[in-house]
Amino acid sequence: MSRETSPNNPAEALKSIYRRALTIREAEKTLQQLFVDGKVPGFLHLSIGQEAVASAVSEFLTPGDTVSSNHRGHGHTLAKGVDLAGFFAEILGRATGICGGRGGSMHVADLGLGMLGANGIVGAGLPITTGSALALKARGRGEIAVVYFGDGALAEGLVHECLNIARLWSLPVLFCCENNGWSEFSPTERQLAVKLEDLAGAFGIAYAEADGNDMLAMHDAARIAIGRMRAECIPHILECRTTRVRGHYEGDKQDYRPEGEVDEMSARDPIAIGRGRLAGLGVAAEWIAAAEAEVKAANDAALEAALAAPLPDAVSLLADVYTGEARHG
Ligand SMILES: Cc1ncc(C[n+]2csc(CCOP(=O)(O)OP(=O)(O)O)c2C)c(N)n1
Ligand SMILES: [Mg+2]
């Protein structure tokens, strides 16, 4: 069943988008602190400032649609509906994690929910999604495959290969580019000779641009793009202008950024903009306060469950590595 939302009554859709974005923000603020406390093994790339993108796109996804992601994948994962306690447990390396605690932040995945995985290899989510779209098209239920990727992926050769084959075979891929202007420590304009819109034109792929920090703009853009994709079984590019507030990874001092850039981003905070949009649509301040309290309570309960979970047994270390090995959990 498609979760089409009436364009004439976006308040209900915006409420669930807001709740999703809050869930992501709360979880990532929690992870930020856990990292400082030395409880997170490995790297953390937070998507604070970018939550509206996946929160809005997911409003129009069904359980049968698939999503794949990149290194900054917490928001994409939670927006698809992955269990919060299992998510925290995964990042903390616990046995109850969604991948048995062996994947961690850059490899969160839940195939049962169509979340095909975060990915540490820039651009690698695109071929996974393109293949998934081919399978979904063959299944013929009108499902789509979404890939979230950054502007830093655009110079990768395999991005161009995927755009080509998606257009050639008319595959229902939503290429959702989160353009935050940065690729690690370099501004994107130093790496890319073309604009994504021009690439879309060259491949003959439908293209739309949206303010990725405005839930309402994202809602409208995602509704139109996904509606068209389901009707026509075509690929679509959605370029979302957004803001990477934190460093490339936690611990990055960001001394390469122009002075004041991070401070200026507070004016574009997607949560604050979303709250303003809700108020503008007549949603009561009491609803917003209650939603915030509920999200916080759910976050704290999920964290508590994850922290109470055991570490994986050493004998499970090779599970899922070789065919025929016992699976975890
Ligand atoms: C194939 C490959 N090349 C380089 C890297 C190193 N690397 C990790 S993240 C990143 C930048 C990604 O930028 P972008 O795609 O815009 O995502 P953002 O971090 O801005 O969300 C790079 C170059 C990598 N992981 N994989
Ligand atoms: Mg980027």
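**Exercise 1. Work out whether Asp 65 is buried or exposed, and why.**

Step 1. Count its neighbours: 26 other C-beta atoms lie within 10 Å of Asp 65.
Step 2. Apply the cut-offs: 20 or more such atoms within 10 Å make a residue buried, 12 or fewer make it exposed, and anything in between is partly exposed, with C-beta atoms placed from the backbone.
Step 3. Asp 65 is therefore buried.
Step 4. Place it in the chain: Asp 65 sits in the loop between α2 (51-57) and β1. Helices are DSSP runs of H or I with at least four residues, strands are E runs of at least two, and both are numbered from the N terminus.
Step 5. List its contacts, leaving out neighbours within four places in sequence: Gly 114, Glu 143, Ile 144, Ala 145 and Val 146. A contact means C-beta atoms, placed from the backbone, within 7 Å.
Step 6. Check one pair: Asp 65 and Ile 144 are 79 residues apart in sequence, yet their C-alpha atoms are 5.1 Å apart.

Two notes on the model before going on. This is a predicted model, in which local features need pLDDT of at least 70, side-chain atom pairs count only at pLDDT 80 or more, and totals for chains, interfaces and linings use all residues. Residues are numbered from 1 along each chain as its sequence is written, while chains are lettered from A and ligands numbered from 1 in the order in which they are written.

**Exercise 2. Find the strand order of the open sheet and name its edges.**

Step 1. Five strands pair in parallel, in the order β1-β2-β3-β7-β6. Strands pair if DSSP finds at least two bridges between them.
Step 2. β1 (66-68) and β6 (206-211) pair on one side only, which makes them the edge strands.
Step 3. On average, neighbouring strands are turned by 20 degrees against each other, direction ignored. Axes are lines fitted to C-alpha atoms, for helices over the stretch in contact, and angles run from 0 to 180 degrees between N-to-C directions.
Step 4. Add the helices. α5 (residues 125-139) lies across β1, β2 and β3, at about 170 degrees to β2. α8 (residues 215-232) crosses β3, β6 and β7 (236-241), at about 165 degrees to β6.

**Exercise 3. Describe the surroundings of strand β2.**

Step 1. Look at its partners. Three bridges join β2 to β1, and six join β2 (residues 145-150) to β3 (residues 173-179).
Step 2. Match residues. Ser 68 has Val 147 as its bridge partner. Tyr 148 faces Cys 176, and Phe 149 faces Cys 177.
Step 3. Check burial: six of the six residues of β2 are buried.
Step 4. Split them by face. Ala 145, Val 147 and Phe 149 lie on one side, and Val 146, Tyr 148 and Gly 150 on the other.
Step 5. Follow Val 146. Beyond four places in sequence, its contacts include Val 57, Leu 61, Asp 65 and Leu 174.

**Exercise 4. Name the residues that touch the most other members of the largest nonpolar core.**

Step 1. The core has 80 residues. A nonpolar core is a set of buried Ala, Val, Leu, Ile, Met, Phe, Trp, Tyr and Cys residues joined through C-beta atoms within 7 Å.
Step 2. Phe 88, Val 146, Leu 174 and Cys 176 touch the most other members.
Step 3. Helix α1 (residues 10-36) gives the largest share, ten residues.
Step 4. Turn to helix α4 (residues 84-91). Eight of its eight residues are buried, so α4 is largely enclosed by the rest of the structure. Phe 88 is one of them.
Step 5. These residues pack against α1, α3 (74-79) and α11 (285-308).

**Exercise 5. Say which residues are closest to ligand 1.**

Step 1. The shell holds 15 residues, each with its C-beta atom, placed from the backbone, within 6 Å.
Step 2. The closest are Arg 72, Val 122, Gly 150, Gly 152 and Ser 183.

**Exercise 6. State what is unusual about the phi of Glu 184.**

Step 1. Recall the rule: most residues other than glycine have a negative phi.
Step 2. Glu 184 has a positive phi of about 50 degrees.
Step 3. Glu 184 lies in the loop between β4 (182-183) and β5 (186-187). It is partly exposed, with 13 other C-beta atoms within 10 Å.
Step 4. Gln 254 also has a positive phi, near 60 degrees. Its place is the loop between β7 and α9.

Key. Contact = placed C-beta atoms within 7 Å.
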